[in-house]
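User: Hi! I have a chain here that I would like to go through with you, one question at a time. Could you take a look?
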Amino acid sequence: MGMSTAYYLTLQGKRVLILEAGIFGAGASGACDDMILFQSKKPGINLELAFESLELYHALNVDLKHDLGFENYGGMVLIKDQKELEIMEEFVQQQRMYGLDVVMLDEKEMRKRQPHISSRFIASTYSPMDAQIDPFHVMYGFFHVAKNLGLEYRKKTPVVGIEKQGNGDFRITTQSGEVFEATQVVNAAGTWAGEIAAMVGENVPITPKRGQIIITEKIPMVGETNLWSAEYLVSKLRPEVKTEISEEHKALGLGFAFTRSFGGNYLIGSTREYAGFDTRTTMEGVNAIVKQAVSYIPLLKDIHFIRAIAGLRPSTPDGKMILGEHPDVPGFYTASGHEGDGISLAPITGKLLSDMMCGAPSDSRLEELSPVRFAVVKGEQVQ
Ligand SMILES: Cc1cc2nc3c(=O)[nH]c(=O)nc-3n(C[C@H](O)[C@H](O)[C@H](O)COP(=O)(O)OP(=O)(O)OC[C@H]3O[C@@H](n4cnc5c(N)ncnc54)[C@H](O)[C@@H]3O)c2cc1C
């Protein structure tokens with residue numbers, strides 16, 4: 001979010017400095033899958049902005065003069081029983097009404113596109129729109145163009161204090177004691193955005209949701225599309241429906257995602273765990289991912305995996321990002337809380353925020369994303 005916002009701000013002639021606590025891609029954006037995924041999104045603002053973000057990605061693929069690893073294999077959500085089928089049929093219907101190109105496939109059609117999946121699946125969805133992009137290449141693409149336009153970037157520079165001064169400007173202090181002054185500040189600290197907001201007395205309720213994934217060696221394409229399983233989606237959309245997810249998988253928040261990355265390695269995941277700010281992978285998580293993957297696509301038992309990684313998804317209480325200015329602290333903006341959608345939504349987030357910061361007319365659609373919804377009033381939190 002920081003790099004995207006910086007890019008769009010420098011395009012509009014702003015002087016921008018990024019203060020990064022770690023190294024390039026130190027947060028979730030450097031430890032995630034690579035999907036511009038539509039099928040997982042409920043009809044509403046997230047899906048609407050994802051469509052706009054895809055348009056921006058098409059433009060960025062040219063404007064950034066850098067190969068972003070854009071691919072468009074499409075995606076299928078695998079369904080294993082009648083209960084999941086009914087829920088997914090209804091969900092697909094809603095998504096179609098919202099303009100998503102997605103259909104249901106019966107077992108025969110599903111196996112035509114994905115001959116290697118196990119016999120436990122009875123149907124699937126299919127959308128040709130699900131696409132992907134390489135997050136590192138996107139960050140580098142933004143960085144190089146913005147740098148030529150004057151972006152300054154400091155790595156290993158954690159921000160430890162922000163103070164609003166009498167003249168309205170901000171005084172930002174880093175861990176090494178350096179001090180910077182700015183008229184506007186963007187809090188794009190992902191999972192750590194709550195800590196940054198607290199520096200100016202604001203409430204940004206972000207909870208880290210750890211996601212572990214494994215990465216395979218380079219292998220030929222498995223079937224025609226990327227894959228997910230419906231069970232996680234169903235438990236997220238309809239928590240009241242009893243699913244057959246085991247207690248262990250529930251605790252790990254295990255959901256199946258199988259995507260071919262830029263370069264030919266597969267990313268297989270993932271967990272959704274509440275593990276605080278711990279970014280380590282675990283034996284339990286990796287074992288569960290491997291076991292599930294082999295039972296869903298048996299040919300994977302002969303494939304080697306080369307790495308496991310974990311990142312922290314920044315999640316909010318209502319599942320929507322927090323985007324906009326904090327009215328009690330004029331000039332202070334937050335762009336965080338994208339949970340598992342930040343790669344899809346990065347360009348549109350940066351574009352909308354930079355427009356806001358440069359005085360564009362307000363966009364009423366964005367009111368539901370405003371930090372105002374979590375503002376603390378007289379010691380009481382609104383939500
Ligand atoms: C396993 C996994 C799979 C995912 N798959 C997908 C996917 O397929 N598609 C998708 O759209 N999204 C996906 N996501 C979600 C996506 O990765 C996140 O939503 C997105 O990366 C969040 O970006 P961000 O810029 O808000 O946060 P981050 O990338 O975490 O960046 C925040 C930055 O702030 C820095 N920082 C923190 N504190 C300070 C401080 N005090 N001072 C200075 N800097 C600080 C951090 O070092 C970090 O670099 C996935 C996430 C995970 C974990």
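User: Which residue in β10 is the bridge partner of Ile172?

Analyst: Happy to help, and please keep in mind that this is a predicted model. Strand β9 (residues 170–174) is joined to β10 by four bridges, and the two run antiparallel. Within β10, Ile172 has as its bridge partner Phe180.

User: Which strands stand at the edges of the sheet that holds β8, β9 and β10?

Analyst: This is an open sheet of three strands with antiparallel pairing, in the order β8-β9-β10. From one strand to the next, the twist averages 20°. Two strands pair on one side only, and these edge strands are β8 (159–164) and β10 (179–182).

User: How many helices and strands are there in the chain, and how compact is it for its length?

Analyst: Along the principal axes, the C-alpha atoms fill a box of roughly 70 × 45 × 40 Å. The chain has 10 helices and 20 strands. Its radius of gyration of 21 Å is close to the 21 Å from the globule rule for 383 residues, so the chain is as compact as a globular protein of that length.

User: What is the strand order in the sheet of eight strands, and why do β4 and β16 each have one side without a neighbour?

Analyst: The sheet is open and its pairing is mixed, with the order β4-β5-β3-β13-β14-β15-β12-β16. Neighbouring strands are turned against each other by 25° on average, direction ignored. One side of β4 (103–106) and one side of β16 (305–315) lack a neighbour in the sheet because each of these strands stands at an edge, with a single partner strand.

User: Which residues in β15 are the bridge partners of Ile214 and Ile215?

Analyst: β12 (residues 207–218) and β15 (residues 265–269) pair in the antiparallel sense, over four bridges. Ile214 has its bridge partner in β15 at Ile268. For Ile215, the partner in β15 is Leu267.

User: And which residue in β16 stands opposite Ile213?

Analyst: β12 is also joined to β16, by 10 bridges, and those two strands run antiparallel. In β16, the residue opposite Ile213 is Ile309.

User: At about what angle does α9 run to β12, and at about what angle does α3 run to β3?

Analyst: Helix α3 (residues 82–97) lies across β3 (75–79), β4 and β5 (123–126), and its angle to β3 is about 145°. Helix α9 (residues 283–296) lies across β12, β13 (226–229), β14 (257–260), β15 and β16. Its angle to β12 is about 55°.

User: How far apart are the centres of domain 1 and domain 2, and how many residues are in contact?

Analyst: Domain 1 is made of 2–52 + 135–204 + 318–381, and domain 2 of 75–128 + 207–315. In the contact, 21 residues of domain 1 meet 29 residues of domain 2. On the domain 1 side, those residues divide into 10 nonpolar, eight polar and three charged. Taken over C-alpha atoms, the centres are separated by 29 Å.

User: How are α2 and α10 oriented to each other, and how far apart are their axes?

Analyst: Leu49, Leu56 and Leu60 are among the α2 residues that meet α10, where Leu345 and Ile348 are among the residues they meet. The residues of this contact divide into eight nonpolar, two polar and two charged. α2 (residues 45–63) and α10 (residues 342–357) pack at about 85°, with axes 7 Å apart. That angle makes α2, relative to α10, roughly perpendicular.

User: Which residue in the β17 and β18 turn has a positive phi?

Analyst: β17 (residues 322–325) and β18 (residues 332–336) pair in the antiparallel sense over four bridges, and Ile322 has Ser336 as its bridge partner in β18. The two strands form a hairpin with six residues between them. In that turn, a positive phi of about 95° belongs to Gly331.

User: Where is the cis peptide bond, and which residue other than glycine has a positive phi near 50°?

Analyst: Most residues other than glycine have a negative phi, and most peptide bonds are trans. A cis bond, with omega about -20°, joins Gly269 and Ser270, and Ser270 is placed in the loop between β15 and α9. In the loop between α2 and β3 lies Lys65. The residue with the positive phi near 50° is Lys65.

Definitions and conventions
Residues numbered from 1 in each chain as written. Predicted model: local features only at pLDDT ≥ 70, side-chain atom pairs only at ≥ 80, totals over all residues. Pairing = 2+ DSSP bridges. Axes fitted to C-alpha atoms, helices over the stretch in contact; angles between N-to-C directions. Contact = placed C-beta atoms within 7 Å. Domains from an automatic or database assignment. Nonpolar A, V, L, I, M, F, W, Y, C, P; charged D, E, K, R; others polar. Parallel < 35°, antiparallel > 145°, perpendicular 65-115°, else oblique. Rg over C-alpha atoms; globule rule 2.2 N^0.38 Å.
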